[in-house]
Amino acid sequence: MGTKWIYTSCEKIPEEISAYCKDDLFAKLLVNRGIKTTQQAKEFLEPEVHYKEISPYAFSDMTRVVERISKAIAIEEKIIVYGDFDADGVTSTSLLHKTLSYLGANVDFYVPDRVKEGHGLNSKALINLKTKQKAKLIITVDNGVSNLAEIKLMKGFGVDVIVTDHHEAAEELPEAFAIINPKAQNSLKETLSSKEIESLNYLAGVGVAYKVACALLEKYGKLEFVSEILPLVAIGTIADVVPLLEENRLLVRKGVECIKNNCPLGIKALIDDAGYGLDTFDAQSIAFGIAPRVNAIGRLEHAKKVVELFTSDNQGIIELNAKYMDDCNKIRQSLCENIFEEALSQITKTSLKDNKAIILTDNSWNIGIIGIVASKLCERFYRPVFILRLDEENAKIRCSSRSIEGLNLYETLSEVGDLFDVFGGHSMAAGFSADINNLGKIIESLNKIVNENLDDEFLTPRLNVEEDLKQSELTFDFVKKIQLIEPCGAKNPSPVFSMKSLVVKELKLMGSNSNHLKVFFEGEAGVSEGVFWGKSEINAKIADKIDIVFTPRLNTFMDKTTVQMELCDYKSEGAKISCPKIIDHRRKQNALHMFLEYLKTTKTTIAIFAENQKTLEFLGQKTLTNAFVINRLNPQNADQLVFLDLPPSREVFFDIMQKTSAKAVHIIGSSFQKADTSQILKNCSGMLKYADSKLGGVVDIEKFSSKLNLSSKATQICIDLLAKSDVIEIIESAETEYTIKFVQSKDLTKIKSLPEFSAFEQEVDFCENFDLSNNQI
């Protein structure tokens with residue numbers, strides 16, 4: 001199913017926006033985001049200066065909340081912050097716990113177990129908090145608005161419950177002491193403007209908790225503490241994928257700036273583990289590096305370790321918990337891949353034809369992973385996905401669901417709410433728990449509702465494209481200007497552009513599991529690079545023309561910043577080809593021995609790359625059944641390609657890989673081992689003397705490079721150095737061939753004393769250090 005590219009038609013750009021931007025394309029980007037006046041543009045582009053944060057007292061019950069919490073602090077009543085296990089929940093919990101602790105409260109927190117308890121309040125936990133911890137006041141964060149029975153139970157025990165939440169609220173609300181939820185009836189003051197109401201409705205759970213914290217800090221005259229909690233607001237807001245406009249946009253920008261200027265210890269540990277630097281840290285870093293780690297532990301283990309990390313000043317606890325979260329994230333990635341493959345095997349063409357929704361059931365899938373898998377399936381098949389985890393022991397169903405434009409999940413579940421024990425969520429993501437005896441009726445009802453309510457037109461994937469660009473327009477300055485629109489997310493998507501008729505120049509796999517694909521394109525302005533995240537193959541071959549859709553990014557690696565296209569989609573008439581999987585065996589014990597044993601039994605053809613003289617001598621003593629030795633000069637087609645010597649450059653590596661058309665590439669030997677630079681100079685000098693006397697002075701750079709075990713660049717630098725030393729005279733030079741005349745041999749000490757020798761040494765060092773592990777491939 002092809003994705004439909006829809007170019008956004010922009011109404012006439014207002015003159016004041018055009019004058020303010022002084023750039024028609026940038027003005028169009030703003031108008032496409034609903035910005036039509038200079039004041040709106042200023043608030044959007046510089047919210048710290050021009051946008052005023054909405055008062056916490058916009059909530060009807062805020063005064064009541066501040067008075068009740070202040071009383072609890074004053075008389076040292078036990079306060080419990082009751083949170084949730086996802087990123088929004090743990091950041092909300094940490095934020096309010098930190099704030100109350102700072103104000104001197106007798107406070108503790110509780111985060112439910114995802115598997116045993118699920119989302120929201122549960123009676124058993126509440127009773128334990130009342131009887132064992134003597135709780136007098138419970139403050140929910142990121143939950144509670146749908147827990148009518150549980151809150152009524154606590155009221156009967158004389159425990160006040162303050163609900164802070166942002167989830168959709170039913171008409172009937174719990175009998176709480178107070179409710180701070182912009183989506184609950186009468187929760188916001190009637191004096192608010194429609195814009196303010198909309199902005200508050202965008203808040204994540206952590207944003208709502210932040211409003212409570214700000215009201216408390218204002219009462220106690222300690223608003224300076226806001227800078228300590230804004231980083232948590234940024235993480236939770238981005239992780240919960242709420243609209244990044246207005247209030248959220250301001251809070252995220254402030255939070256990221258606080259992280260960069262005075263990073264809390266726990267967050268700094270996560271940043272270090274994710275491999276980011278504070279100088280380039282941004283909202284994207286949170287979305288792809290920090291949020292997955294925060295979410296991962298709650299999917300597999302108990303999420304209280306995250307709250308401990310965010311609230312502790314103990315460096316030992318912080319480092320231990322950060323490492324644990326990183327480990328959980330790696331396990332989560334592996335589990336997600338396995339469950340995704342199992343889920344794919346359940347989906348048939350028949351089921352897709354009969355129903356518009358994908359509904360899958362399983363009794364073993366990890367309850368913490370099924371939401372991610374539902375998202376991936378939703379993206380793959382572009383239709384609503386419901387994954388039902390069956391707990392046969394307790395006779396329960398737990399569901400996680402994701403949707404597409406055209407179907408509101410919360411409204412869908414509301415239509416059959418009587419079938420569930422509890423349900424909740426948003427328009428695009430929701431869940432429920434139910435009695436397993438209702439399984440058949442639930443599946444039947446969900447299919448019926450989706451089939452009736454989801455129009456067929458929404459089943460075709462769509463991609464909104466801002467503009468078609470020329471390759472020459474994709475400059476560093478252009479991307480820097482586009483960054484002014486960040487942070488991007490829901491309601492403020494990253495700008496997407498198209499580019500036509502690019503030629504595929506090279507493909508290379510990336511990532512530890514070779515699950516990302518880098519593509520090099522050639523166009524009228526030279527070579528551009530792009531990355532398909534989570535894709536390892538495309539329907540195009542080298543030299544094919546291709547149209548692409550992408551988001552421009554600036555990519556910094558090894559202190560060098562370049563323009564990179566984050567590829568979203570493409571169109572090509574080519575046949576499907578796959579970049580071969582690269583498997584590195586060098587850390588395995590006895591890898592070479594196992595390979596030689598494998599050669600005795602395999603029926604596939606194997607090309608063995610070797611250029612080092614010692615490697616060639618070793619292979620010369622072996623019987624190679626169905627295998628043959630190649631170098632960069634004589635590549636041949638093979639089923640598998642084995643590198644006993646790793647070439648000295650990325651260009652050589654991929655040239656060999658593509659010319660052999662191997663389906664799998666194995667790294668067994670070590671990377672190129674440099675000879676002494678003196679020996680390289682001696683060898684090169686001797687080869688040049690031979691070329692002058694026997695080959696008419698013609699030097700084939702590629703042949704020389706193969707013999708010297710060097711990159712072409714290193715070989716050219718070596719020849720230029722010998723020319724500078726008057727060992728040779730260069731008669732003519734081209735990219736691939738030199739014509740020289742040998743003059744005389746020279747003392748190596750004199751050659752090494754030349755300033756050009758250091759450049760030669762550096763290039764040899766680069767060849768030696770070239771390796772899979774440093775992302776050069």
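**Contacts, cores and salt bridges in a predicted model**

Trainee: Which residues does phenylalanine 310 contact, leaving aside neighbours within four places in sequence?
Mentor: This is a predicted model. Phenylalanine 310 is among the residues with the most contacts inside the largest nonpolar core. Its contacts, with those neighbours left aside, are Thr91, Ser94, Lys98, Leu232, Ile235, Ile267, Leu270 and Val294.

Trainee: How many residues has the largest nonpolar core, and which helix gives the largest share?
Mentor: The core has 84 residues. Those with the most contacts inside it include Ile69, Leu95 and Tyr210. Ten residues, the largest share of this core, come from helix 10, residues 205–219.

Trainee: How many residues are in the second, separate core?
Mentor: Ile370, Leu377, Val385 and Leu390 are included in this second core. It is separate, and its residues number 47.

Trainee: What is the nearest side chain of opposite charge to aspartate 142?
Mentor: Aspartate 142 sits in the loop between strand 4 (135–141) and helix 8 (148–156). It is buried, yet it has no salt bridge. A salt bridge needs nitrogen and oxygen within 4 Å. The nearest side chain of opposite charge is 9.0 Å away, and belongs to lysine 183.

Trainee: Which backbone nitrogen lies 3.4 Å from a polar atom of the aspartate 142 side chain?
Mentor: Look at the contacts of aspartate 142, leaving aside neighbours within four places in sequence. Among them are Asp84, Asp86, Asp88, Gly89, Ser92 and His166. The backbone nitrogen at 3.4 Å is that of glycine 89.

Trainee: Is glycine 120 buried or exposed?
Mentor: Glycine 120 is in the loop between strand 3 (106–110) and helix 7 (123–131). Not counting residues up to four places away in sequence, it touches Tyr82, Asp84, Pro112, Asn143 and Asn147. Its relative accessibility is 6%, under the 20% cut-off, so glycine 120 counts as buried.

Trainee: Which residue forms a salt bridge with lysine 28?
Mentor: The pair links distant parts of the chain, 439 residues apart. Lysine 28 is in helix 2, and its partner is in strand 13. Lysine 28 counts as buried at 12% relative accessibility, whereas the partner is partly exposed at 30%. The closest N and O atoms are 3.1 Å apart, and the partner is glutamate 467.

Trainee: What is the N to O distance in the salt bridge of arginine 553 and glutamate 486?
Mentor: Arginine 553 is in strand 18, and glutamate 486 is in the loop between helix 21 (476–482) and strand 14. They are 67 residues apart along the chain. Arginine 553 counts as buried at 14% relative accessibility, while glutamate 486 counts as partly exposed at 21%. The N to O distance is 3.7 Å.

Trainee: How many bridges join strand 18 to strand 19?
Mentor: Strand 18 (residues 545–557) also pairs with strand 14 (residues 497–510), in the antiparallel sense over five bridges. There, phenylalanine 497 stands opposite phenylalanine 550. Toward strand 19, leucine 554 has valine 563 as its bridge partner. Strands 18 and 19 run antiparallel, and the bridges joining them number eleven.

Trainee: Which residue follows helix 24 with a positive phi?
Mentor: Helix 24 spans residues 650–660. Its buried residues include Val652, Phe653, Phe654, Ile656 and Met657. Phi is near 55° at the residue that follows, serine 661.

Technical notes: Residues are numbered from 1 along each chain as its sequence is written. This is a predicted model: local features need pLDDT of at least 70, side-chain atom pairs count only at pLDDT 80 or more; totals for chains, interfaces and linings use all residues. Side-chain values use heavy atoms; hydrogens and water are left out. Helices (H or I, at least four residues) and strands (E, at least two) are DSSP runs, numbered from the N terminus. Buried means under 20% relative accessible area, exposed over 50%, partly exposed in between (1.4 Å probe, protein chains only). Lys and Arg count as positive and Asp and Glu as negative; His and the chain ends are not counted. A polar contact is a pair of N or O atoms within 3.5 Å; within protein, one must be able to donate a hydrogen and the other to accept it, and residues adjacent in sequence count only if both atoms are side-chain atoms. Contact means heavy atoms within 4.5 Å. A nonpolar core is a set of buried Ala, Val, Leu, Ile, Met, Phe, Trp, Tyr and Cys residues joined through side-chain atoms within 4.5 Å. Two strands pair if DSSP finds at least two bridges between them.
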